[in-house]
Amino acid sequence: MRSMTGTRRLLKWVGNGLLVVLLVWTLVPFYWMVVTSLKKDKEIYGFEATLVPRQPTLANYVRLFATTPFVKYLRNSTIIAVGTTLFSLVFGCLGAYALARLRFPGRGLIARGLVVTYLVPPSLLFIPLFAVMSTLSLIDTHQGLILAYLGFSVPFATWLLMGYFRSVPIELEEAALVDGCTRFGSLVRVILPMSLPALAVVAFFAFTQSWNEFLYANVFVNSVEVRTITTGLTLFVVEDVFFWGPMMGASFLSALPPLILYLVFQRWVVKGLTLGGVKG
Amino acid sequence: MAIRAQQPVADRAGAVAVGATGVLPRRRSRTLHQEGRLAYVLLTPTLLVVLFLVTYPFCTAVYMSLQNKMVGSPGRYIGLANYLELFHDEVFLRTAWNSVVYTVVAVATKFVLGLTMALILDQPRRFNNFFRTLLFVPWAVPVVIVSLNWRWIFDDLSGFLNNFLITFHLTHDIISWLSDPALAMGCVIAVVVWAGTPLYSMTFLAGLQAIPKELYEAAEIDGASVVQQFFYVTVPRLRTIFLTTVMLSTIWTATNLQFVLILTKGGPANRTEIFPDLAYMTALGARRLGMGAAVSLVFVPVLVVLIVILTRRMLRPTDD
């Protein structure tokens with residue numbers, strides 16, 4: 001018995017020690033990003049790793065907003081991420097309802113097809129999609145990029161909501177139908193209000209995935225008017241010279257929306273991941 | 001009812017039909033028929049998205065890989081010539097080997113680190129929720145930003161790593177982390193691990209917390225040591241989660257081109273070139289769309305195996 005508590009105590013201290021190491025490993029890069037953005041160029045390009053800026057300055061941020069199209073990038077990212085989120089929610093709800101509640105030939109096949117679709121990575125699709133987008137003149141348009149993003153967000157949304165809708169007690173819906181609700185009415189008035197956590201998870205994933213996406217944004221967009229933040233950031237490199245101050249400032253600011261959403265939705269997201277991402 | 005649902009006026013008529021319970025068998029088959037129509041109406045947007053944005057492009061990719069298509073010019077069918085050229089190409093063979101090393105090492109490291117993190121966070125401790133939030137932060141940061149940030153940390157002249165090591169006299173010379181052939185791949189993998197570990201910890205932690213505490217108590221009464229408890233209680237309970245997470249992550253790790261593209265562009269001397277980046281450079285750098293498609297499709301056999309297993313797993317609890 002004594003050896004048992006001894007092991008427990010040892011494990012506890014090993015755990016605490018490792019926790020500190022993991023925290024340092026996780027947070028130092030992030031901290032370095034923020035600190036860099038607050039330094040003057042002279043300090044940034046010095047030979048000392050100063051953990052606290054000697055003369056903290058917001059000059060990098062001023063430069064960012066005054067002399068670069070950063071605000072435009074932010075605007076484009078917002079338009080595209082919000083657009084993708086709205087369409088994913090609507091399409092996902094409609095499709096998921098059909099798969100969860102209606103009986104029809106091909107249901108199993110479609111459900112399986114959705115998962116397969118979700119698992120096909122963009123790096124396999126961007127070359128032919130580039131050809132498609134060129135043919136349809138969707139290169140350099142917000143619509144084109146939103147459309148491309150629906151390719152991964154709609155299957156995920158439909159599949160995740162399908163699982164959730166099935167867990168809503170069918171009796172509730174039957175009652176609504178008997179009381180004269182249409183199928184569509186029962187989806188809107190019975191199922192959706194009970195599925196708010198799942199809708200939040202879907203919205204979170206659709207938004208952050210489109211906000212963070214890089215490959216399609218890089219291939220399907222060239223103009224400043226449509227360019228999103230992820231590809232815009234890489235343009236702070238001019239002929240292999242990095243402007244690290246403004247770039248780290250821009251990085252920090254653009255990481256904020258997904259970070260804040262993560263902090264707000266944290267509990268639901270983890271649940272969604274385990275409910276959706278890793279079932280069974 | 002399918003179409004009626006969209007016409008508010010007809011609502012009441014639909015209600016009557018549902019309420020009336022006279023001739024059950026015939027009505028049932030009619031409802032089924034209508035349900036089918038409604039289902040396809042509701043599924044139309046989703047199906048269009050899937051067919052137009054995934055199925056069709058995928059088939060086009062296969063077809064393109066059999067052509068010598070360039071950007072802006074139509075291609076000619078050349079059979080398997082692209083693939084044959086690839087398998088005699090030194091850069092491609094190097095890339096194939098790199099991709100295997102990259103994926104296996106990154107996934108294995110994320111697994112070990114993720115499990116460690118989950119086990120630590122599962123220990124009783126004050127402020128554990130706070131620590132969990134902090135440790136999962138990398139998961140929420142866009143990969144482009146992660147890669148740029150690390151590129152700055154690895155910077156030769158003023159990067160954090162070199163400055164830190166020199167300040168503490170751990171090295172005298174500048175280390176070229178990303179351009180040293182011996183170090184570059186390790187550095188890239190470190191970044192992949194930094195960004196990818198939280199996904200593992202999240203799913204593992206959820207799995208750990210779902211294990212009934214009684215199991216451990218019973219094992220302890222039976223005299224099982226902590227190590228035995230881990231291997232005979234924890235591991236079997238988490239096996240499904242382990243497999244699913246590793247397979248999902250393998251797909252996403254092997255096909256994500258952002259890390260390499262931003263950190264090293266495949267250099268030095270192709271030491272960090274992996275499939276998706278080679279496909280990108282071939283299609284958009286060299287403008288050889290057909291060849292690029294061929295490169296990206298080389299991963300498909302592995303992908304198919306993973307997808308078949310995963311699809312079965314991901315639909316199991318709900319598909320009856």
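How many helices and strands does chain B have? In this predicted model, chain B has 15 helices and 0 strands. Of its 320 residues, 40% count as buried. Among the contacts in chain B that link residues at least 6 apart in sequence, 68% join residues at least 24 apart.

The interface between the two chains was examined next. In chain B, 88 residues are in contact with 92 residues of chain A. The element that gives the most to the side of chain B touching chain A is helix α2 of chain B (residues 24-64), with 19 residues. By class, this side of chain B comprises 60 nonpolar, 22 polar and 6 charged residues.

One helix pair that spans the two chains is formed by α5 of chain A (residues 107-119) and α15 of chain B (residues 300-315), whose axes come within 10 Å and cross at roughly 125°. An angle of this value lies outside the ranges for parallel, antiparallel and perpendicular pairs, and α5(A) is therefore oblique to α15(B). The crossing of α5(A) and α15(B) is right-handed. On the α5(A) side the contact is made by A111(A), R112(A), V115(A), V116(A) and L119(A), and on the α15(B) side by I307(B), L310(B), T311(B), M314(B) and L315(B). These residues divide into 8 nonpolar, 1 polar and 1 charged.

A helix pair within chain B was also characterised. Helix α7 (residues 143-153) and helix α9 (residues 184-209) of chain B have axes that come within 10 Å and cross at roughly 140°. Angles over 145 degrees would count as roughly antiparallel, so α7(B) and α9(B), which do not reach that limit, are oblique to each other. Their crossing is right-handed. From α7(B), the residues V143(B), V146(B), S147(B) and W150(B) meet V191(B), W194(B) and A195(B) of α9(B). The residues of this contact divide into 6 nonpolar, 1 polar and no charged.

The nonpolar interior was then considered. The largest nonpolar core holds 159 residues, of which Y97(A), L161(A), V188(B) and V191(B) touch the most other members. Helix α7 of chain A (residues 142-167) gives the most to this core, with 16 residues. V191(B), listed among the residues with the most core contacts, also takes part in the contact of α9(B) with α7(B). Leaving aside residues up to four places away in sequence, Y97(A) touches F165(A), L187(A) and I191(A), together with L42(B).

Helix α7 of chain A also contains L150(A). This residue is buried, because 25 other C-beta atoms lie within 10 Å and the threshold for burial is 20 or more. With residues up to four places away in sequence not counted, L150(A) touches T84(A), F87(A) and S88(A) in chain A, and V49(B) and L53(B) in chain B. L150(A) and F91(A) are separated by 59 residues in sequence and by 9.5 Å in space, C-alpha to C-alpha.

A charged residue was found in a buried position. E213(A) is located in the loop between α10 (196-212) and α11 (215-220) of chain A. With 27 other C-beta atoms within 10 Å, E213(A) is buried. Residues up to four places away in sequence aside, E213(A) touches Y149(A) and T230(A). By contrast, E213(A) and I170(A), which are 43 residues apart in sequence, are 37 Å apart in space, C-alpha to C-alpha.

Backbone geometry was inspected last. Most residues other than glycine have a negative phi, and most peptide bonds are trans. The peptide bond from G267(B) to P268(B) is cis, with omega near -10°. P268(B) lies in the loop between α12 (258-263) and α13 (275-285) of chain B, and this loop also contains A269(B). A269(B), a residue other than glycine, has a positive phi near 50°. A269(B) is exposed, since 12 other C-beta atoms lie within 10 Å and a residue with 12 or fewer is assigned to that class. In chain A, D140(A) has a positive phi of about 65° although it is not a glycine. D140(A) is placed in the loop between α6 (122-135) and α7 of chain A. With 16 C-beta neighbours inside 10 Å, D140(A) counts as partly exposed.

Key. Residues are numbered from 1 along each chain as its sequence is written. Chains are lettered from A and ligands numbered from 1 in the order in which they are written. This is a predicted model: local features need pLDDT of at least 70, side-chain atom pairs count only at pLDDT 80 or more; totals for chains, interfaces and linings use all residues. Helices (H or I, at least four residues) and strands (E, at least two) are DSSP runs, numbered from the N terminus. Two residues are in contact if their C-beta atoms, placed from the backbone, lie within 7 Å. Ala, Val, Leu, Ile, Met, Phe, Trp, Tyr, Cys and Pro count as nonpolar, Asp, Glu, Lys and Arg as charged, and the others, Gly among them, as polar. A nonpolar core is a set of buried Ala, Val, Leu, Ile, Met, Phe, Trp, Tyr and Cys residues joined through C-beta atoms within 7 Å. Axes are lines fitted to C-alpha atoms, for helices over the stretch in contact, and angles run from 0 to 180 degrees between N-to-C directions. Angles under 35 degrees count as roughly parallel, over 145 as roughly antiparallel, 65 to 115 as roughly perpendicular and the rest as oblique. A crossing is left-handed if the near helix is turned anticlockwise from the far one by less than a right angle, and right-handed if clockwise.
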